[in-house]
Amino acid sequence: KGGRSSNSGIQATVFGASGFLGRYVVAQLGEVGTTVLTPHRGDENDMRHLKVCGDYGKIGIFPFSARDRDSIHRAIGQSDIVINLIGKYYETKHIVGSGR
């Protein structure tokens, strides 16, 4: 199984790693020694909490654009596994019945 300081030899790219489910996926991958690349669309400070999920240098954080093919190719180019957890950011509208 290895451990956090082991090297599994696997490199994974996790899109949407800063989301609810993504942080747990990165933690599990980091726990078994996987090198994890976490491309982000926002501020890098929103991703800092992921650095502690793996050993030193095992969690890579870098910007990308979902609309730029070259940017996506750079993100997945060297990876053995690609996990897409990108969600939509939109407000939900709750419809409340009139009680009739």
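These legends go with a set of close-up views of a predicted model.

The model is predicted, so local features need pLDDT of at least 70 and side-chain atom pairs count only at pLDDT 80 or more, while totals for chains, interfaces and linings use all residues. Residues are numbered from 1 along each chain as its sequence is written, and side-chain values use heavy atoms, with hydrogens and water left out.

**View 1. The whole chain, from β1 to β4, follows the pattern β-α-β-β-α-β.** Let us start with the overview: the chain holds two helices and four strands. Helices (H or I, at least four residues) and strands (E, at least two) are DSSP runs, numbered from the N terminus. Of the 100 residues in the chain, 27% are buried; buried means under 20% relative accessible area, exposed over 50%, and partly exposed in between (1.4 Å probe, protein chains only). The accessible surface comes to about 7,300 Å², and carbon and sulfur atoms account for 51% of this surface. Such areas come from the Shrake-Rupley method with a 1.4 Å probe, and for residues only the protein chains shown count as cover. Among contacts between residues at least 6 apart in sequence, 64% join residues at least 24 apart, where contact means heavy atoms within 4.5 Å.

**View 2. Four strands form an open sheet in the order β3-β2-β1-β4, with parallel pairing.** The edges belong to β3 (59-63) and β4 (81-84); each has a single partner strand, so one side of each is left without a neighbour in the sheet. From one strand to the next, the twist averages 20°. Strands β1 and β4 pair in the parallel sense over four bridges, and two strands pair if DSSP finds at least two bridges between them. Look for F15, which stands opposite N84 in β4. Helix α2 (residues 69-76) packs on the sheet and touches β1, β2 (35-40), β3 and β4, with its direction making about 140° with that of β1. For these angles, axes are lines fitted to C-alpha atoms, for helices over the stretch in contact, and angles run from 0 to 180 degrees between N-to-C directions.

**View 3. T13 sits in strand β1 (residues 11-15).** With a relative accessible area of 0%, T13 is buried. Its side chain reaches the backbone oxygen of A75 at 2.8 Å and makes a polar contact with the side chain of S79 (2.4 Å). A polar contact is a pair of N or O atoms within 3.5 Å; within protein, one must be able to donate a hydrogen and the other to accept it, and residues adjacent in sequence count only if both atoms are side-chain atoms. Leaving aside neighbours within four places in sequence, the contacts of T13 include L37, P39, I76 and V82. T13 and P39 lie 26 residues apart in sequence, and their C-alpha atoms are 7.6 Å apart in space.

**View 4. T38 in strand β2 and G60 in strand β3 share this frame.** T38 counts as buried, at 0% relative accessibility. Beyond its neighbours within four places in sequence, T38 is in contact with residues including V14, V26, L50, G60 and F62. On the same basis, G60 is in contact with V36, L37 and T38. The C-alpha atoms of G60 and L37 are separated by 4.6 Å, although these residues are 23 apart along the chain.

**View 5. F20 and Y24 form an edge-to-face aromatic pair.** The ring centres are 5.7 Å apart, with 70° between the planes. Rings of Phe, Tyr and Trp (its six-membered ring) pair if their centres lie within 6.5 Å; planes under 30 degrees apart count as stacked, over 60 as edge-to-face and the rest as tilted. By this rule there are two aromatic pairs. F20 and Y24 are four residues apart in helix α1 (residues 20-31), so about one helical turn separates them. F20 counts as exposed at 67% relative accessibility, whereas Y24 counts as partly exposed at 47%.
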